[in-house]
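Grab your favourite viewer and work through a few short exercises. Try each task yourself before you read its solution.

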Amino acid sequence: MRIQERQVVVFDLEWTSWPGFFESGFRQEGRHCDVVQIGAVKLDAANGFGEIAAFNEIVRPARHPDLSPYFVGLTGITQDRVDREGRPFPEALQRFIRFVSEGDAAAYCFGHDNHVLMENAAYHEMPPQSVLEDMRNLKAVFSEILDVPENQLVSSRMPSLIGLPNHESAHDALGDARCLASVLRHWRGRNVI
């Protein structure tokens, strides 16, 4: 696959979680994927995927306003930080959509994070956002290139999987987006993508 767009946004999310939530396929009764962090990098695809802008929003989850100790331990995002810095989801989503739309960038997520954004938007009774529906799945692309099943790929582990150093914190949405960007840069330099 060759990415043809001039600008690309790669984004990642952190959402509420509890022990066993991942293993259940994020389906536990009474629990939802409430967005807590949106992290993204805008890349210049015409110039080796160099980072030209970053986006990092903490979001106050509406359905599960009290973070679980499991989530805090996993992400390092504290309840105090969410209470101090968190924006309501509708405001954070609109800011993210503006970030993506500036420069007419194509947006890529790792898996189906765009569906989590759409689910949260629907909960907040926001109108459908075409930019979310048009996002592409980098996990499928990476799976094909590496010949590894998608369910074995984790954004924060992608650099080390292909032998690159990783200086980002795992389970930080902006850090995970930067991990994916480093893989894109590496593969662009080798004419893979």
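The exercises below use a predicted model, and each one comes with a worked solution.

**Exercise 1. Find which residues of helix H4 are buried, and work out how they are arranged around the helix axis.**

Step 1: Select H4, which spans residues 113-123. Its buried residues are Asp113, Asn114, Val116, Leu117, Asn120 and Ala121.

Step 2: Look down the axis of H4. The buried residues fall within an arc of 155 degrees, so they line one face of the helix.

Step 3: Recall the helix geometry behind such a pattern. An α-helix has 3.6 residues a turn, so residues three or four places apart point the same way.

Step 4: Now see what lies against that set. The cover over the buried residues of H4 includes strand S1 (7-15), strand S2 (35-44), helix H3 (89-101), strand S5 (106-109) and helix H5 (130-133).

Step 5: Check the backbone just past H4. There, Glu125 has a positive phi of about 55 degrees.

**Exercise 2. Trace the strand partners of S3, and give the sense of each pairing.**

Step 1: Start with S2. S3 covers residues 50-60 and runs antiparallel to S2, with eight bridges joining the two. For a landmark, find Leu43, which faces Glu51 in S3.

Step 2: Follow the chain between them. S2 and S3 make a hairpin with five residues in between, and Gly48 in the turn takes a positive phi of about 70 degrees.

Step 3: Move on to S4, residues 87-88. S3 and S4 pair in the parallel sense, over two bridges. Here Val59 stands opposite Arg87 in S4.

**Exercise 3. Classify the ring pair formed by Phe55 and Phe96, then see which cluster these rings belong to.**

Step 1: Count the aromatic pairs in the structure: there are six.

Step 2: Take the geometry of this one. The ring centres of Phe55 and Phe96 are 5.6 Å apart and the planes meet at 55 degrees, so the pair is tilted. The cut-offs at work are under 30 degrees for stacked and over 60 for edge-to-face.

Step 3: Place the partners along the chain. Phe55 sits in strand S3 and Phe96 in helix H3, 41 residues apart, so to speak a link between distant parts of the chain. Both residues are buried.

Step 4: Widen the view. Phe11, Phe55, Phe96 and Phe99 form one aromatic cluster.

**Exercise 4. Which rings have the charged ends of Lys42 and Arg63 over them?**

Step 1: Take Lys42. Its charged end sits over the ring of Phe99, 4.7 Å from the ring centre.

Step 2: Take Arg63. Its charged end is over the ring of Tyr123, 4.6 Å from the centre.

Note on methods. Residues are numbered from 1 along each chain as its sequence is written. This is a predicted model: local features need pLDDT of at least 70, side-chain atom pairs count only at pLDDT 80 or more; totals for chains, interfaces and linings use all residues. Side-chain values use heavy atoms; hydrogens and water are left out. Buried means under 20% relative accessible area, exposed over 50%, partly exposed in between (1.4 Å probe, protein chains only). Helices (H or I, at least four residues) and strands (E, at least two) are DSSP runs, numbered from the N terminus. The arc is that of the directions from the helix axis to the C-beta atoms. Contact means heavy atoms within 4.5 Å. Two strands pair if DSSP finds at least two bridges between them. Rings of Phe, Tyr and Trp (its six-membered ring) pair if their centres lie within 6.5 Å; planes under 30 degrees apart count as stacked, over 60 as edge-to-face and the rest as tilted. A charge sits over a ring if NZ of Lys or CZ of Arg is within 6 Å of the ring centre and within 35 degrees of the ring normal.
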